[in-house]
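Subject: Structure handover

Hi,

Here is the structure I promised to pass on to you. Have a look at it first, and then read on for what turned up in it.

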Amino acid sequence: MSRSDSLLYWQQQQASIQGMMLNPEAEELHHYEQQQIISCLPNLSGNNVLEIGAGIGRYTTYFASEANSVTAVDFNQNFISKNQEINAGFSNISYQCANAINLSFAKEQFDFVFINWLFMYLEDDQVEIIINRITQWLKPNGHFFLRESCITDSKGNPPLKSTASDAQHSHFHSHYRDPQFYLALLGTNFYLVSQGNIKIYEEKYNNPNQLFWLFKKKIN
Ligand SMILES: C[S@@+](CC[C@H](N)C(=O)[O-])C[C@H]1O[C@@H](n2cnc3c(N)ncnc32)[C@H](O)[C@@H]1O
């Protein structure tokens with residue numbers, strides 16, 4: 001799927017929890033997933049946080065309440081606008097409506113980078129480029145949290161063969177990668193601090209492959 005098709009796809013989704021999670025049971029999933037993910041994050045006090053693919057801000061609010069600053073990026077202006085509306089009470093969030101592949105930040109600007117479901121929508125070479133950039137943007141000992149759907153879609157179904165008519169309704173353009181793909185790219189410059197799977201997806205859909213990792217950048 002080309003980049004403009006991908007943007008079009010997201011522009012067709014609602015600026016809502018359901019639009020973020022692409023699942024009719026999103027409210028319940030959101031509740032349990034958010035609790036679990038937040039419990040796995042490092043202490044963000046005083047941190048400068050970069051959230052890429054932030055959407056409407058299911059996590060932005062937490063970062064703004066805990067950290068010094070948050071830079072929230074998404075390429076869909078509708079989602080950015082909703083995120084701004086939800087988080088209007090915070091003055092420490094800056095927003096960028098931009099494609100993740102076009103971002104540019106100063107070296108060692110951030111203490112923490114957070115990605116929840118973005119790389120699965122990007123091509124392998126794009127993921128590699130962004131990981132290399134994140135490595136530059138993070139301070140030594142900075143943390144990177146990554147969560148992606150691996151192996152299957154979030155309900156545990158193997159990837160569908162795509163047809164043009166699937167485009168409106170399915171996740172056909174997602175890459176449900178082997179987790180080794182991510183681990184191999186991050187292994188050189190990061191320590192693995194912790195890893196796991198999102199339990200609510202295992203309980204509801206018997207899917208153990210909603211995977212997350214918390215990495216710490218090595219000191220050069
Ligand atoms: C499944 S949603 C997840 C949103 C949010 N991280 C969450 O967990 O609620 C994927 C998000 O990534 C954004 N996105 C997809 N491709 C992108 C790209 N190339 N650059 C920036 N944002 C992108 C979409 O607009 C959408 O907000």
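Let me start with a lysine: Lys-204 is partly exposed, at a relative accessible area of 29%. Please keep in mind throughout that this is a predicted model.

The partner of Lys-204 is Glu-28, and their side chains form a salt bridge with 2.8 Å from N to O. Lys-204 belongs to helix α8 (residues 199-205) and Glu-28 to helix α3 (residues 26-40), so this pair ties together parts that are 176 residues apart in sequence. Glu-28 is also partly exposed, with a relative accessible area of 35%. The pair does not stand alone, since Glu-25, Glu-28 and Lys-204 are linked in a network of salt bridges.

How many salt bridges does the structure hold? There are nine, and two others caught my eye.

One of them joins Arg-58 and Glu-33, with the closest N and O atoms 2.8 Å apart. Arg-58 sits in the loop between β1 (48-52) and α4 (60-66), while Glu-33 is in helix α3, so the pair ties together parts 25 residues apart in sequence. Are these two residues buried or exposed? Arg-58 is buried, with a relative accessible area of 9%, and Glu-33 is buried too, at 0% relative accessibility.

The other is between the side chains of Arg-177 and Asp-124, at 2.9 Å from N to O. This pair links distant parts of the chain: Arg-177 lies in the loop between β5 (138-149) and α7 (179-186), Asp-124 in helix α6, and 53 residues separate them. Here Arg-177 is buried, at a relative accessible area of 7%, whereas Asp-124 is partly exposed, at 41% relative accessibility.

Since α6 has come up, a word on that helix. It runs over residues 124-137, which makes 14 residues, and reaches 20 Å from its first C-alpha to its last, close to the 20 Å expected at 1.5 Å a residue. Which residues of α6 are buried? They are Gln-126, Val-127, Ile-130, Ile-131, Ile-134, Thr-135 and Trp-137. When you look at that list, it helps to recall that an α-helix has 3.6 residues a turn, so residues three or four places apart point the same way.

Now to the part you will probably open first, the ligand. There are 18 residues around the ligand, and those that come nearest are Gly-53, Arg-58, Asp-74, Ala-100 and Asn-116. The shell divides into 11 nonpolar residues, five polar and two charged. Arg-58, the salt-bridge partner of Glu-33, places a polar side-chain atom 2.7 Å from an oxygen atom of the ligand. The backbone takes part as well: an N or O atom of the Gly-53 backbone is 2.7 Å from a ligand nitrogen, and a backbone N or O atom of Ala-100 is 2.8 Å from a nitrogen atom of the ligand. Taken alone, the ligand exposes 590 Å², and the protein buries 99% of that.

One last detail concerns an asparagine pair. Asn-87 lies in the loop between α5 (77-86) and β3 (93-97) and is buried, with a relative accessible area of 2%. What does the side chain of Asn-87 make a polar contact with? Its partner is the side chain of Asn-83, at 2.8 Å.

Happy to go through any of this with you whenever it suits.

Best wishes

Definitions and conventions
Residues are numbered from 1 along each chain as its sequence is written. This is a predicted model: local features need pLDDT of at least 70, side-chain atom pairs count only at pLDDT 80 or more; totals for chains, interfaces and linings use all residues. Side-chain values use heavy atoms; hydrogens and water are left out. A residue is near a molecule or strand if one of its heavy atoms lies within 4 Å of it. A polar contact is a pair of N or O atoms within 3.5 Å; within protein, one must be able to donate a hydrogen and the other to accept it, and residues adjacent in sequence count only if both atoms are side-chain atoms. Accessible areas come from the Shrake-Rupley method with a 1.4 Å probe; for residues, only the protein chains shown count as cover. Ala, Val, Leu, Ile, Met, Phe, Trp, Tyr, Cys and Pro count as nonpolar, Asp, Glu, Lys and Arg as charged, and the others, Gly among them, as polar. Helices (H or I, at least four residues) and strands (E, at least two) are DSSP runs, numbered from the N terminus. The expected span of a helix is 1.5 Å times one less than its number of residues. Buried means under 20% relative accessible area, exposed over 50%, partly exposed in between (1.4 Å probe, protein chains only). A salt bridge is a side-chain nitrogen of Lys or Arg within 4 Å of a carboxyl oxygen of Asp or Glu.
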